[in-house]
Amino acid sequence: MTAPRDINTTPRASAQQPRRPSEGAELIMFLEQEQLVSDRAIAVPQARLGGRAQAALWLLRIFALIVSFMVIYTFVAQLS
Amino acid sequence: MAPLETAGHSLEPVAAGVGLTHEDAVRSLDRSRVFHARRHGRHWSLLWLLAGPGILAMLGENDGPSMISYAATGATYGTGFFVPFIAVTFAMAIICQEMCMRVGAVTHRGYGELVLQRYGKVWGWFSAGDLAFTNLVTLIAEFVAIRVGMAYFHLGAPVAAALGVVLVLFTMSGGRYWRWERIVLGMALFNGLFLISAILVKPHWGSVAHALTFTPFPGGSFNTLLLLLASTIGATVTPWMIFFQQGASADKGMTSADIKHGRWDTVAGGVLAAIFGIGALLAGAALLTHNGANIPDHGLAGAGFPAAIRAVSGGPAATVFALGLIEAGAVAVLTISASTAYAAGECIGVSRSFNNSPRHALIFYLANAGVALIAAAIILIPGAPLLSIALNANVLAAVLLPVALVFVVMLANDRDLMGKWVNKRSTNVIAITIIAFVAIFAAAYGIDSFLGTVHIIGAG
């Protein structure tokens, strides 16, 4: 790990591309630049999900909703 | 609030001078200790400083409903099959939680905000919605557990509700993640009461050792078995743990340099939680051989385990078990409220850190206290089916878990975010197997019980 240094001399990375983590990152008051509140306020760019991935995620989501409904229905039915 | 100092120098003016926020300065103070411990090769000190999120996630999940689930399982089936099954589910939890810790340490961001930003608002809000729903149900069950424990000491629901809410308000005051973490960590170690309770019921240790060799699948009602299997899985890995450990790792200020210690923290938490969970199962199993599995006779709508244990194994075991339930519920109220607060802050895009003051992180603190208050109010309703709430809370968590885990795996494989810290192929194979395993058991219970309820198949 390298010694901490002043924030003013640290270049800011582009918000368009997420910075890849690196070992031995320079520190600003014992924090890595990406740990700073100002850096964490910058959103990471959105990933592109393929059609199959989207479909699989929706299938899983629908499955979870249906089974959740079944569990809740059974629970409520058992109450009465 | 205590002044922020490191090596005799105040951090606040320096932080202000270089344009850092108060939250940065507080986190920087904690990180200065890690920096110095690492530089001077103080390994035990480093472990002490970096322990926390993993142990809290695991022992937090050894919560009231989980311990009631384990005791119910022991009372219904004894030690066979379920002792190794609990060990296996905690091994699954370690795999899942390690990924969360790693993503949090490398990206310095919570699960909710990463899903929202990386995969879009729809998936981000679905995740937050799942969490808000399961957290509320689980929190109600935590207050139920506190109530069950307190009822043993003849204390009513209002005392249980007040205790949980006061603890949340007390621990989140102070404006320091470190303070919050150490208080909750200290409380969480009392989860070991379940092990003491197990010793006090004097189990047959030979049978316990034999159970570890995987005894056959238990018989009896198929639906009850599915409920207990799904609920045991839901008692080990849940959506809130994912939000919590990733958010807490980021809030603590962990970095990729801390991953090795984060893994130790997670494994230690998993091993302790498995041992204490098996303790609850053994305490409950004492009821099986004494025809004491008829828990409803002991009141509290089927959740009166301490009174049932007293009838079978005597006062000390029951007292320790009741105290354990209060501890398990209380710690989980704190960690689950915190996970709700992290999720709210991350998805709304406002400050989400115990290192910030309530004035600067209003939504974070409001969500933390608000969800606990709502759950506390619900347990004051008389005649609630406590055991059923506790078991179904775990099942619901298991049902919604596969979706959350898929995003954890996607994040942990995102090379743009994780760089060289992406999952290994073997981790992916295990993680996908876990997702399938959880989905199958949760769906089996959901479908079987639903079809039985609507009389398409015979119940049981």
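**Interface and cores of chains A and B**

Colleague: How far apart are the closest N and O atoms of the salt bridge that R61(A) forms with D130(B)?

Modeller: This is a predicted model, in which local features need pLDDT of at least 70 and side-chain atom pairs count only at pLDDT 80 or more, while totals for chains, interfaces and linings use all residues. Residues are numbered from 1 along each chain as its sequence is written, chains are lettered from A in the order in which they are written, and side-chain values use heavy atoms, without hydrogens and water. A salt bridge requires a side-chain nitrogen of Lys or Arg within 4 Å of a carboxyl oxygen of Asp or Glu. For R61(A) and D130(B), the closest N and O atoms are separated by 2.7 Å.

Colleague: Which element gives the most residues to the side of chain A that touches chain B?

Modeller: Elements are DSSP runs, helices (H or I) of at least four residues and strands (E) of at least two, numbered from the N terminus. Those giving two or more residues to this side are β2 (31–32), α1 (37–40) and α2 (51–79) of chain A. With 19 residues, the greatest contributor is α2(A).

Colleague: How many residues has the largest nonpolar core?

Modeller: Such a core joins buried (under 20% relative accessible area, 1.4 Å probe, protein chains only) Ala, Val, Leu, Ile, Met, Phe, Trp, Tyr and Cys residues through side-chain atoms within 4.5 Å. F82(B), Y111(B), F244(B), F321(B) and F354(B) have the most contacts inside the largest core. A second, separate core includes I28(A), M29(A), L31(A) and L36(A). The residue count of the largest core is 163.

How values were computed: Buried means under 20% relative accessible area, exposed over 50%, partly exposed in between (1.4 Å probe, protein chains only).
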